[in-house]
Amino acid sequence: MTIRGVSWRLAVWPYRTIWPTRDGWWCLVAALGLGFGAINTGTNLLYLLVCMLLGLIVVSGILSERSLRGLRFTAVVPDDVFAGRPAPLCARVVNRKRWSTSYSVTIEALGPDGAETRVYLPRLLSGEERLVTWETTFAARGPHPFPAIRISTKFPFGLFLKAGHVPLRAEILVFPSVSGLGPELRRTVGTAAPAGIRRRGRGHDLYNLRDYRPGDDPRLIHWRSSAKTGALTVRELEAETAVDTRLVLEGRSGDADAVERGLSRAASFVVHLIRAGAAVELLGPGVFVPLGRGLAHQRRLLTALALWTPAAAGPARGGPRSSIREIRVRLG
Amino acid sequence: MSAPLALRVATHLMVLDGVVALFLGGLLGAVGALVVSAAVAASWWHEPVRDRIAAMPRGSQAIVVLVALASAFDILYVAETMLDGLVRLLVFLLVYRLFMRRTLRDTRDAGFLSFFMLVAAAPLTLSVAFFFVLLAFLVLGIWTLMLYHILAEAERATKPRELPGLGRSLLVLSLVASAATIAATAVFFFVIPRVGQAALPLRSQVGRMVSGFSDRVEMGAFGEIETDSAVVMRVHPAPGTPGPGPLGTLRWRGIAFDHFDGRAWTARDPQRANLGRSRYGQFEVSWFRGLGPMAAYEVYLEPLGTDILFAAPRVLRLGVRTDTIVVDDMGSISVSTPSARLQYVVQSELERPDFAERAEHRELLDAAALTRYLQLPPLPPRIRALAQEVTAGSRDEVAAARRLTDFLSTRFRYTRVLERQTPLDPVEEFLFVRRSGNCEYFAAALAVMLRSVGIPARVVNGFQRGEWNPYGHYFMVRLSDAHSWVEAHLAGRWRTLDPSPRGEPELAAGPSVITLYLDALRMRWYRYVIDWSLQDQVAAAFKVRQATLMWRPRLAAAARGWGDARPILAVLVVAVTVGAVVFWSRGHRGTVRRAGARTPPFYARALKTLARRGLRPEPGETAREFSLRVVQRLPGCASPLGRLTSEYERVRFGAAAIGPETLAELDRFVGQLRTSSRHS
């Protein structure tokens, strides 16, 4: 059977699971009991009631299928997804049926961590579109499939739960996890600037203490000095300085965890440096991203780190080396 | 109307519908039905009662225990049948639930319980009104279930704010669902095999006792029923049987009487025989003689409190759902289930009106039979004298019988006023004083006069033909059509003689069109629902098969380009209609964006190559996972596929542009992949 054939069959007869609810079991038991009564008494009106229950079951199947059929899901992938951090995922659901409304549809998204998110749509008119959002956390970097979506309904009578899986052919690239740099590392990155450019700014290190002025951020009040002097004193912070940096990935080991830790550290440097306004170049086994700055460049760097695999690593690629600061990150 | 209010209304209506069903089934009397309906209506304002009961310490438990005890006592000692006791318990539970309801589920449960009212009534009613009760229940039930489902799910999802405006569209959908359920019910009903053996008969339908059809009938017994217009019998002629025109004088023969004591006719010691089914499944009552036209028809007989089967004389063959029938030597047929409503099919050889028969078909009566059919009580001499006077000069007994019949039908007047005016015998008073009477007097007078001139005769009670219902194509026989006539043994055969002027088809204004329509509906209800049987299913299947076989050559002929092209045209019309519906229901394609980015051409070619080997990406599988899976199966593809996957990821996620050199290199990798996949 060809791919086209499979698609056609799935379009006509999609995979569904169906299971009676508690009320559904009662309905089935009632139909069975009535059927027994009808056979034993030969009463056609009892047969009629049994057939009515069977008819209800059939119509329930048709209407529930009608509710689920014609719903099209489109994955909406966020730009930056980092390993270990909750990421907002979206799926756009459209009722593509020309006339009929979809009633009582529950959308369940199952994240890679097993967490389940349920969204209930009482009604989706023909042509109507809804954005369904949920949060999920990816544990590891690299390309991941978009989390599976399960649609289900108990419509119309609440007798049966019909469910189906919606294949979403979308991939999410998860960047390595990023953590804040420790003070020492930050100082290493930040104090590497030439002397004489130390200035007031929005960094982390202390630049000066001065008297409080209205409008100052209360979080910057230096309480110890205030207590000593008897007047409110606030901290002034030093502007972070950034210099163009080459991140060099080096060293290889068979320890996958060590590799991941190294990549995570490199990603943290990338985010910190780009945010500080530095230009960053990435050089490593089988990977080279030329010098650049800005958010688009940050994405290029993080993509390269997310896709890096020890198997694909070769000799360090790259153009002529410029004389810029180098930060070496060991992969194991 | 808000959704919860609509649910409440629908549930209450369902319960009232169930009460009507119990009334139809005879499980609730008129007063009981009114009381229960009032209680159901009162439960609309249930909060004060509920709160008062809830405030009582263990109030609800006490009520339940009391009711359980009362119900047990009722079922054991009071109730006529266990079903009656259970129904009373059900009614209590339902009303109690309505009064004590707190949640949506309680309301819905009341609707569920009302279904069992229909179940209880179903075996006990045959009324077509049950059909309308069922329809109403279905529509209300579907509406209730849908509303409850949406409300409950929304409540669970804590999003009730999205419900306003839902009601109307849901109502339309529920009506569509009701229509679909009715259609599905009909299909199931007609197809599910009837294998019922009636092993657990419930309370049977007891019909009204109608005088005139027992072994002894007093003169004037028909008087009270001749004004009753209730339909008691519906006779549906089979295809090929003449309609109302040719069957103008048809009568439905019931019971024959041979003994007259001056005031009452009795069937005295008739020779009765049990008759079993033939190997064809029918009862062979008598032999076909080829002397008259044939008639086949189906009879639906309401309970009359008699075991007599009514049919047009002379009955040849009879099909009825019973193991045996009883046939007496006067041609009366009876069954052993007098209280049940009967449906049977009959084939009769009708009598020729001209009495022209060949001599070899004559049957002579023996001495005992002659004594039996010439029996007379002591009669005033003037009755015999009158009979002789009327028949004087007749060339044979046939002519004498005709003269007597004509004499009575022309000189006497038909009336339903049967007040006695003298202490004389009824027949004498009819012939010489009142000179008017109903069909019983005419028949009795003719039988007595025939016997007094030596012609064997007997009186027969049955029904006249009835009105023809053109909407249902059947005869509608009412109680007022009850009739008496005479059978005389003339020229070696029992002949029907009807001296009553009422024996002629009446030309009075018939029932209204609406009455005829309603009765036709009732007839179809009996025919296709109440009496639908395994035989009917077999016959229907046979008809479908025949129709299919008939269409096959017509289709073949149409396909060859000659003959009737209508079948092909019909198929084309259906195909075009279905295609149009499918096309128009495909929906809003333009509003949907494509999921994901476009696959780069080099990777698409690689996927196509692998698809030829049966390797396709599964839903939810990343390119990297797919690559690993392929390499496990085709290890030779590892190098080119790894590179292609890596470049694909760069393009896909990094939106990296590919230069011409890289593209050429990737094309080489695709070629390598093709070669490797062939040799792996």
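The following passage describes the interface between chains A and B, the domain arrangement of each chain, and one helix pair of chain B in a predicted model.

In this predicted model, local features require pLDDT of at least 70 and side-chain atom pairs count only at pLDDT 80 or more, whereas totals for chains, interfaces and linings use all residues. Residues are numbered from 1 along each chain as its sequence is written, and chains are lettered from A and ligands numbered from 1 in the order in which they are written.

At the interface, 58 residues of chain A are in contact with 64 residues of chain B, contact being defined by C-beta atoms, placed from the backbone, that lie within 7 Å. Elements contributing two or more residues to the chain A side include helix H2 (22-41), helix H3 (44-68), strand S5 (102-110), strand S6 (116-124) and helix H7 (295-307) of chain A; helices (H or I, at least four residues) and strands (E, at least two) are DSSP runs numbered from the N terminus. H3(A) gives the most to this side, with 15 residues. By class, the side of chain A that touches chain B comprises 35 nonpolar, 14 polar and nine charged residues, where Ala, Val, Leu, Ile, Met, Phe, Trp, Tyr, Cys and Pro count as nonpolar, Asp, Glu, Lys and Arg as charged, and the others, Gly among them, as polar.

Chain A is assigned domain 1 (14-174), domain 2 (199-238) and domain 3 (245-330), with bounds taken from an automatic or database domain assignment. The C-alpha centres of domains 1 and 2 of chain A lie 57 Å apart. In chain B, the assigned domains include domain 2 (216-258 + 269-352 + 510-525) and domain 3 (367-463 + 484-503). The C-alpha centres of these two domains of chain B are separated by 25 Å, and 20 residues of domain 2 are in contact with 20 residues of domain 3. Strand S3 (residues 251-257) of chain B supplies the largest share of the domain 2 side, seven residues. That side has eleven nonpolar, four polar and five charged residues.

The axes of helix H10 (residues 381-391) and helix H12 (residues 426-434) of chain B come within 10 Å and cross at roughly 55°; axes are lines fitted to C-alpha atoms, for helices over the stretch in contact, and angles run from 0 to 180 degrees between N-to-C directions. H10(B) and H12(B) are therefore oblique to each other, given that angles under 35 degrees count as roughly parallel, over 145 as roughly antiparallel, 65 to 115 as roughly perpendicular and the rest as oblique. The contact involves B:Arg382, B:Ile383 and B:Leu386 of H10(B) and B:Val427, B:Glu428, B:Leu431 and B:Phe432 of H12(B). Five nonpolar, no polar and two charged residues form this contact.

Conventions. Contact = placed C-beta atoms within 7 Å.
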